Structures are given as structure tokens and as C-alpha cells.
Amino acid sequence: MRHPHNRTGTGGIRVFTSGNSKQWYPGFYNDWAARPYVIDAKYKHLDNDWWSREDFQQIISYIHLLRVEWGALAFPHCDYNPGAQRCIRGQLNGLGGMLYTLAFNIPKSEEVYSSFIEYSAFMKKSEEALTSTIRSFS
């Protein structure tokens with residue numbers, strides 16, 4: 001999986017084939033997988049039923065620029081069950097591609113946990129669940 005770095009300006013994708021076009025930085029993408037994909041992480045509260053127009057257009061652009069089979073918006077969800085929730089948005093018109101949301105669980109605050117070790121264990125389970133959910137697409 002590739003992880004472009006916006007802050008360092010490395011690994012971005014270009015919008016135009018020639019010239020000095022600005023690079024865009026999706027969260028993660030894998031263009032050599034059996035089912036190539038792109039995931040853009042949003043570090044703001046969303047829910048499975050609502051996205052901003054800009055977020056929606058951004059992930060569709062990434063799907064088409066990278067020519068991948070599916071794309072997803074990943075966002076934090078404050079459910080204390082450490083598992084990732086996948087929701088199918090649908091098949092895109094035009095060039096195609098499936099669109100999903102991926103809600104990954106994070107605690108609202110560490111106050112819920114008696115120690116940093118307990119909090120870290122929860123976050124590890126949440127990361128493993130998200131990775132497992134991503135692998136289930138392939």
C-alpha cells in the first residue's frame with residue numbers, strides 16, 4: 001500500500017500527464033492489488049449517511065485518476081466496539097468504480113480507559129479491524 005506524504009511533497013499523484021501540475025495526496029492507495037483501491041482518510045466527524053460534496057468529489061477524482069476498482073472515505077467513529085464498519089455507497093456512473101465508507105473506531109477520550117496501555121490495546125484492535133476490513137474487499 002502506498003501512503004503519499006502531503007507535508008513532504010512525496011508520493012502524490014498528478015492530475016495532468018504533462019507539465020508541472022500540482023500533485024494531489026490521497027490517504028492510501030494500492031494500484032497493484034488484485035482489486036486496486038484508494039482510501040482517503042478524513043479526520044473529522046462524519047457518519048455513514050452524510051459526506052460533504054467536496055469529500056465526495058475528491059474520492060471520485062482519486063478513483064478515476066488512479067484507475068482503481070474501488071475507493072473509500074475512512075473516518076473516525078466513536079463507537080466503543082473495536083471493529084471497522086463498511087458501508088456500500090454504490091457503483092459510479094461513467095468510468096465505473098465502487099464507492100464505500102469505512103468507519104473506524106476511536107474512543108472519545110482516554111478517560112474511558114483506566115490506563116494508557118488499555119487505550120493503546122483498544123487502538124491496536126481498531127487498526128487490526130480496519131486492516132482486515134480493507135483486505136476483505138480484495
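## A linked network

Asp40, Lys42 and Asp55 are joined in a network of salt bridges. The model is a predicted one, and five salt bridges are found in it.

Within this network, Asp55 and Lys42 pair through their side chains, with an N to O distance of 3.4 Å. Asp55 belongs to helix α1, whereas Lys42 sits in the loop between β4 and α1, so the salt bridge ties together parts that are 13 residues apart in sequence. Both partners are on the buried side of the 20% cut-off: Asp55 is buried at 4% relative accessibility, and Lys42 is buried at 11%.

## A link between two loops

Glu69 and Arg35 form another salt bridge, in which the closest N and O atoms are 3.1 Å apart. This pair links distant parts of the chain, 34 residues apart. Glu69 lies in the loop between α1 (53-66) and β5 (70-77), and Arg35 lies in the loop between β3 (28-30) and β4 (37-41).

Glu69 has a relative accessible area of 36% and is partly exposed. Arg35 is also partly exposed, at 22% relative accessibility.

## A pair within helix α2

A salt bridge also connects the side chains of Glu128 and Lys124, at 3.4 Å from N to O. The two residues are four apart in helix α2 (residues 116-136), and therefore about one helical turn separates them. Glu128 is partly exposed, with a relative accessibility of 45%.

Notes. Residues are numbered from 1 along each chain as its sequence is written. This is a predicted model: local features need pLDDT of at least 70, side-chain atom pairs count only at pLDDT 80 or more; totals for chains, interfaces and linings use all residues. Side-chain values use heavy atoms; hydrogens and water are left out. A salt bridge is a side-chain nitrogen of Lys or Arg within 4 Å of a carboxyl oxygen of Asp or Glu. Buried means under 20% relative accessible area, exposed over 50%, partly exposed in between (1.4 Å probe, protein chains only).
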